[in-house]
Every structure is written in C-alpha cells, then in structure tokens.
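Biologist: I would like to learn how to read the helices of a model and the way they pack. Could you take me through them one feature at a time?

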Amino acid sequence: MSSASDSTDLKRFGSYVALAIVVTVPGLSARLLGMQIGPLLHALLSGVAILAAGFLLSWGMEAAEEHVSRGFAVALLALLTVLPEYAVDVYYTLQAGRHIGSDYVQFAAANMTGANRLLVGFGWPLIVLLFWWRSGKRNVQLSPDNVPEIVYLSLASLYSFVITLKGRIDLLDTAVLAGIFAAYLWRLSKLPKDQEEDNEEVGPSAVLARLPRGRQFVIIATMAAFAGLTILAEAAPFAESLVATGTLLGINKFLLIQWVAPLAGESPEIIITILFTLSLKPTIALGALISDKINQWTLLVGALPLFYSLGAGTVSALPLDARQHEEFFLTAAQSLFAVALLLRLQLSVMSALVLLVLFLLQVGTVFVFRENEARTVSTLTGMAWMYLLLALGLFIWNRTRLANYFRSGLLNHPASRPEREAGEV
C-alpha cells in the first residue's frame with residue numbers, strides 16, 4: 001500500500017475516533033456538570049456515550065490481536081467490549097446490596113439474563129443469516145481451534161443448573177465460574193498464533209494494526225483509558241435513567257432493563273462481527289460472539305454476588321425470586337441448547353432460524369403476558385424444558401464426539417482435534 005493511501009486511511013481512522021469521542025461529550029457534560037434533564041434524554045445521551053466507548057475498545061482490541069493467538073485475542077476482545085454491560089449490571093447489583101429487598105435485585109438479574117439471551121438468540125443467528133445472504137453458503141464453519149470455546153461454554157452452562165437448583169448466586173459460584181474462565185483463557189493462550197492466510201482486520205482497526213508497534217500501543221492504551229473512564233462515568237446515569245424512563249412512560253421497568261439496557265453493551269461487538277461477516281470472515285465473527293457468551297456466562301454471573309456483598313457490607317448471596325429463577329433457568333437451557341448446536345463445528349441456517357424463532361417467541365411471550373406474572377413464569381418454564389429436550393436430543397445424536405471434544409478442548413490432545421464436517425445440524 002502506498003504512503004499516500006496509508007495517510008488517507010490514517011486520517012479516516014482519526015475521523016472515526018474523533019467522531020466516537022465527540023458523541024460522548026453530551027452525556028459526559030450532563031454527568032460532570034450535574035445538568036438537570038429529563039430521564040428519557042439522559043438515558044439516550046448516556047447510552048450513546050457508552051456505545052461510543054464500546055466502539056473505541058473494540059477497535060483497539062482488534063488491532064492488538066496480531067500479537068497473540070487468535071483465540072486468546074478474541075477472548076480478551078469479547079471481555080473488554082462488553083465492559084459497558086458489566087458496568088451497568090455491577091451498578092444495579094451494588095444498589096441491590098445497599099437496598100436489600102428493593103427492585104434492584106430484579107434489575108441486576110434481568111440485565112444479565114437479557115444480555116445472555118439476546119447474544120445467543122439474536123447475535124448468533126444474525127451472523128449465519130448475513131453470511132448466507134452474502135455468500136449463498138448455508139453453514140458457518142468453525143475450526144478445531146474453536147473446540148475449547150465449545151467445551152468451556154458447555155462447562156459453564158452445565159454449572160448454571162447448580163445455581164438454578166439453589167435459587168441463588170453465591171460466592172462459591174463466583175469462585176467456580178471465575179475458575180472456568182481462567183482455565184479457558186489459559187487453554188486459549190496455548191493455541192498457536194493465528195495461521196489463517198487472510199488475517200487482515202476490518203474497519204478502523206485495520207488502519208491501527210498497520211502502524212508501528214510502539215505507536216499502536218500508545219493509541220490503544222489512550223483509547224482504552226478514555227473509553228473505560230467514559231463507561232465508569234455513564235453507567236450509573238444510564239442505569240438510573242432507564243428506571244426513571246420506565247416510570248415516566250408507564251413501561252414495565254423490568255422488561256426495559258432486560259431488553260434495552262443490553263443493547264448499549266452488545267451493539268459494538270455485534271456490529272464489529274457483522275463487518276467480519278460481510279468481509280466473508282464468519283468464523284472469526286461467530287467465534288467472537290461465542291467467546292462473548294462465555295465471559296458473560298462466567299465472569300458476569302460470577303461478579304453479581306461479589307458486588308452484592310460489597311453493597312450490603314457483608315457476605316451475601318444474590319437471591320433469585322420465582323420470576324428470576326425461571327429467567328435464569330431459561331437462560332441456562334438456551335445456553336446448553338446453543339452448545340449442542342455447535343457439536344459439529346458449524347452453525348447452519350436451519351439451526352440459526354431455530355435459535356432466532358425460539359428467542360422471538362420467548363420475548364413475545366413476556367410482552368404478551370407482562371401483566372400476568374404466573375402465566376409468564378409458567379410459559380418461560382415450558383420454553384426452558386423445550387430447550388433442554390432439544391439439547392438432549394442433539395447430545396445423544398452427537399455423543400461419539402463429546403469425549404473427543406473434551407480431550408481436545410481441555411487437554412489439547414493432538415490426536416483428538418476434530419475435523420470440520422459438512423451438512424447441517
């Protein structure tokens with residue numbers, strides 16, 4: 001690439017970064033100056049600022065991928081780009097600990113379950129369907145290097161049923177889930193550096209990745225610091241403004257927090273993976289969203305009792321009432337079903353449509369029966385059992401692969417690395 005072209009690309013990158021910073025200004029100004037504005041506008045300004053910060057993190061972390069193995073980089077990218085989601089949920093959890101018995105307990109659980117189900121039920125199918133539209137191919141193939149992700153997501157999903165049975169999330173769960181995530185990162189760190197022929201980034205991160213390493217690190221660190229401070233500053237106003245907006249507009253606050261709040265946290269990662277998909281790199285895109293799911297289903301869930309205890313000033317478990325118990329059960333069941341769909345190292349159009357339709361059904365059900373708590377809980381329970389039965393059927397069908405996957409995923413056994421297979425799940 002010519003130096004003139006490099007200069008043009010660098011200016012374009014600077015424009016993207018400048019635009020992302022500029023759109024954070026209204027929200028940060030309202031926060032720092034203590035401006036009195038309506039809750040709906042405040043939620044919008046804070047949400048946009050958090051969204052822009054998420055993009056800054058995404059661009060920086062993608063550019064850093066070339067310095068470590070693909071799997072390890074994708075895991076770190078997924079972790080950092082959902083910091084907005086963590087920040088909002090941590091705020092609700094701290095407030096739940098400080099105000100025992102308040103609605104904040106429900107808000108904390110709602111944000112977490114909504115984010116997880118949105119990611120799997122909408123994000124994963126979006127990648128497959130976009131790739132089908134773009135290329136005409138009906139499957140997104142994964143690689144043998146994605147096996148650890150499948151294995152550790154299955155471990156986290158199975159353990160989530162322990163939490164369901166207890167009806168609470170405690171510090172023991174924090175330790176177990178953090179251990180699963182640490183083992184996952186360790187396993188990914190043992191993968192070789194990415195050996196794919198086409199290893200170019202897309203979007204603004206592609207320009208950043210071509211800069212000299214020292215300059216690259218300075219820019220990445222600066223972007224990450226600004227984004228992190230923005231997220232910390234805007235998490236509380238965004239969270240409280242959503243609650244106030246629900247009250248103002250007469251909208252169910254629980255549903256608003258469950259489905260609107262996660263959009264600010266998930267959008268940057270989903271948009272970045274859409275760019276990868278449109279560039280015909282769906283394996284990278286789907287791998288990033290799988291990794292995103294793992295860190296949310298381990299670290300995000302595990303963080304809740306820790307911050308709940310911090311807010312309460314004593315060691316406490318985050319309780320799950322009848323509604324939250326079924327929400328968590330449904331999320332765990334969806335997660336296990338999603339793992340089962342990946343057992344052939346691919347996600348087909350048919351599988352994606354099943355995930356999407358079931359997700360839309362559960363969302364529609366919640367809104368239709370929003371005034372009938374008992375009907376909502378019973379319907380969610382029925383859908384959870386449907387997910388489990390479907391997952392059980394797929395696990396039985398693919399049972400010969402399971403031992404091989406766990407040997408490869410946990411131990412990096414060279415003879416056990418599964419090969420890609422054609423056909424639909």
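Biologist: Is α6 largely enclosed by the rest of the structure or largely open, and why?

Modeller: Before answering, I should say that this is a predicted model, in which local features need pLDDT of at least 70 and side-chain atom pairs count only at pLDDT 80 or more, while totals for chains, interfaces and linings use all residues. Residues are numbered from 1 along each chain as its sequence is written, and side-chain values use heavy atoms, with hydrogens and water left out. Buried means under 20% relative accessible area, exposed means over 50%, and partly exposed lies in between, with a 1.4 Å probe and protein chains only. In α6, 24 of the 32 residues are buried, so this helix is largely enclosed by the rest of the structure. For the protein, 56% of the 425 residues count as buried.

Biologist: How are the helices assigned, and how many helices and strands does the protein have?

Modeller: Helices (H or I, at least four residues) and strands (E, at least two) are DSSP runs, numbered from the N terminus. The secondary structure here comes to 17 helices and four strands.

Biologist: What span should α6 have, and where is its kink centred?

Modeller: The expected span of a helix is 1.5 Å times one less than its number of residues. Helix α6, residues 104–135, should therefore span 46 Å, and its end C-alpha atoms are 45 Å apart, which agrees. The bend at a residue is the angle between axes fitted to the seven residues ending there and the seven starting there, and α6 has a kink of about 30 degrees centred on L119. After α6 comes G136, whose phi is positive, near 85 degrees.

Biologist: How should I read the packing of α7 and α8?

Modeller: Two packed helices are described by the angle between their axes and the distance between the axes. Axes are lines fitted to C-alpha atoms, for helices over the stretch in contact, and angles run from 0 to 180 degrees between N-to-C directions. Angles under 35 degrees count as roughly parallel, over 145 as roughly antiparallel, 65 to 115 as roughly perpendicular, and the rest as oblique. Helices α7 (residues 147–166) and α8 (residues 171–189) pack at about 175 degrees with their axes 10 Å apart, which means that α7 is roughly antiparallel to α8. Contact means heavy atoms within 4.5 Å, and the residues making it include Y152 and Y159 of α7 and V176 and Y184 of α8.

Biologist: Which handedness do the crossings of α5 and α2 with α10 have?

Modeller: A crossing is left-handed if the near helix is turned anticlockwise from the far one by less than a right angle, and right-handed if clockwise. Helix α5 (residues 83–98) packs against α10 (residues 213–249) at about 60 degrees, with axes 9 Å apart, so α5 is oblique to α10. The crossing of α5 and α10 is right-handed. Helix α2 (residues 25–32) and α10 also pack at about 60 degrees, with axes 10 Å apart, so α2 is oblique to α10, but the crossing of α2 and α10 is left-handed. There G27, L28 and R31 of α2 meet F226, T230, A233, E234 and P237 of α10.

Biologist: What does A87 touch, not counting residues up to four places away in sequence?

Modeller: A87, which lies in α5, counts as buried at 16% relative accessibility, and it touches I231 and A235 when residues up to four places away in sequence are not counted.
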